[in-house]
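Here are a few short exercises to work through with the coordinates open beside you. Try each task before you read its solution.

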Amino acid sequence: MTLTTDRRRHDREILALAVPAFGALVAEPLFLMADSAVVGHLGTAQLAGVGVASAALTTATGVFVFLAYATTAAVARRIGAGDRRAAVQQGIDGIWLALLLSAGVVVLTLLLAPWTAELLGASPTAAPYAVTYLRISALGIPAVLMVMAATGVLRGLQDTRTPLLVAVVGFTANLGLNVGLVYGAGLGVAGSAWGTVLAQTGMAAAYLYVVVRGARRERASLRPDAAGIRACAKAGGPLMVRTLSLRAILMIATAVAAGLGDDQMAAHQIAMTVFLFIAFALDAIAIAGQAIIGRYLGAGDVPGARAATRRMIEWGVGAGVLLGLLVVVARPLYVPLFTPDPQVQAQLDTALLLLALCQPVAGLVFVLDGVLMGAGDGPYLAWAMLGTLAVFAPAALAVPASGTGLAGLWWAMNLFMLVRGGFLTWRARSGRWLVTGAVRS
């Protein structure tokens, strides 16, 4: 096989997985924005309450994103090894783990709703709406975690089109239910919460139908297997540490920006919105990496894994360059949409230039993160993110005293990306992640 043919084959694999994955990733924030618009017409207090509740729910469920990541890698390995029945069985164990974890999260959310609203700074007028939204939405947490695990199953099976379809239908239904229950039924904030719960439950049911049908076709058991669930939890633990460390970095950045002043905080929030939207594009390549690398290593094809990694790095860095240029060139078009304030725009201009500067590195980071996840290299990813946090935290916390303002904070954000990239590149070059077999020992 020639080099050109090999590259084309990898390109087809990457695009077939990454493009639908990007669509599914983008669908959620777009429809959440529409939901906010629905609630926003009820009043400022209602919108503030739902905003606080949404932040709490996103944090409570976001730390369990390993349910998707770890399941993708484990299922893909078994697919590569040619054991589809074991792959589906691994996915079933991941879904059972999601159900077990969700039970505790639901109870804590219901009990701690008033305290959570107060902790996150909800005003006396917004707090009752936050508590209402939290307590109703807690009932949808099992569905949310099941969707994460089931998404991981399908990605591991090299299917990102079904998650895209479920996401689009589910979030469209969510918007329709929100409008009908908030205004048609006159339920207000409670109607928005119930609409979201119903949509989440419907999405979980759709995923369960697909997974159960696959399990029956492969004659895999639907019963919970204690050993399989423990294996899923063991694989997911380090990825949870990685996610918590990443969230700590973002929270520190937000806290530092808030202390710099309102203009700087507003500019930082807009820059982070741009940063996170770009992350969806780069994360789509990372998701493809999880599925592809897991499959190659499960098949014992180390040269194939290396070649696919090199091609995905080229895609990631190239995408980072293009996205960075787009951030700079398109500023006159999108900045006025976020704010008309000239002082905020001036602060934002510097932050966006620094953000754009580091996008090629971000492309490398996202791809290698996905590759190492696909290889099941969770413990290293956990230590690497803790090390990155240890470097970033003092650099960011020194910004107010240094007098460098928002520019200093975004230099610290670029340092975060460079250090993370250094850790991941070293690991990728070492080859220690190239562990073959249906199960990573």
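The exercises below concern a predicted model.

**Exercise 1. Place Ala-113: which helix holds this residue, and is it buried or exposed?**

Step 1. Start with the secondary structure: Ala-113 belongs to helix H4, which covers residues 84–119.
Step 2. Now check the accessibility. Ala-113 has 0% relative accessibility, so it counts as buried, the cut-off being under 20%.
Step 3. Look for its partners beyond four places in sequence: Ala-113 touches Val-131, Leu-134 and Arg-135.
Step 4. For a distance check, take the C-alpha atoms of Ala-113 and Pro-128. They lie 9.8 Å apart in space, with the two positions 15 residues apart in sequence numbering.

**Exercise 2. Describe the largest nonpolar core: how many residues does it have, and which helix gives the most to it?**

Step 1. Count the members: the largest nonpolar core has 135 residues.
Step 2. Find the residues with the most contacts inside it, namely Leu-67, Ile-293 and Trp-410.
Step 3. Sort the core by helix. Helix H10 (residues 262–298) gives the most, with 19 residues.
Step 4. Zoom in on Trp-410. Its contacts beyond four places in sequence include His-268, Met-272, Phe-275 and Leu-354. At 1% relative accessibility, Trp-410 is buried.

**Exercise 3. Classify two aromatic pairs: are Phe-275 and Trp-410 stacked or edge-to-face, and what about Tyr-380 and Trp-426?**

Step 1. Search the whole structure, which gives five aromatic pairs.
Step 2. Take Phe-275 and Trp-410. The ring centres are 6.4 Å apart and the planes meet at 65 degrees, so this pair is edge-to-face; the angle cut-off for that class is over 60.
Step 3. Place the two rings in the chain. Phe-275 sits in helix H10 and Trp-410 in helix H17 (residues 405–430), so the pair ties together parts 135 residues apart in sequence. Phe-275 is buried, at 11% relative accessible area.
Step 4. Turn to Tyr-380 and Trp-426. Here the centres are 6.2 Å apart and the planes are at 25 degrees, so the pair is stacked.
Step 5. Place these rings too: Tyr-380 is in helix H15 (residues 378–397) and Trp-426 in helix H17, 46 residues apart. Tyr-380 is buried at 14%, whereas Trp-426 is partly exposed at 48%.

**Exercise 4. Check the cysteines: how many disulfides are there?**

Step 1. Apply the cut-off, sulfur atoms within 2.5 Å. The count is zero.
Step 2. Check burial: Cys-232 is buried at 8% relative accessible area, and Cys-358 is buried at 7%.

How values were computed: Residues are numbered from 1 along each chain as its sequence is written. This is a predicted model: local features need pLDDT of at least 70, side-chain atom pairs count only at pLDDT 80 or more; totals for chains, interfaces and linings use all residues. Side-chain values use heavy atoms; hydrogens and water are left out. Helices (H or I, at least four residues) and strands (E, at least two) are DSSP runs, numbered from the N terminus. Buried means under 20% relative accessible area, exposed over 50%, partly exposed in between (1.4 Å probe, protein chains only). Contact means heavy atoms within 4.5 Å. A nonpolar core is a set of buried Ala, Val, Leu, Ile, Met, Phe, Trp, Tyr and Cys residues joined through side-chain atoms within 4.5 Å. Rings of Phe, Tyr and Trp (its six-membered ring) pair if their centres lie within 6.5 Å; planes under 30 degrees apart count as stacked, over 60 as edge-to-face and the rest as tilted.
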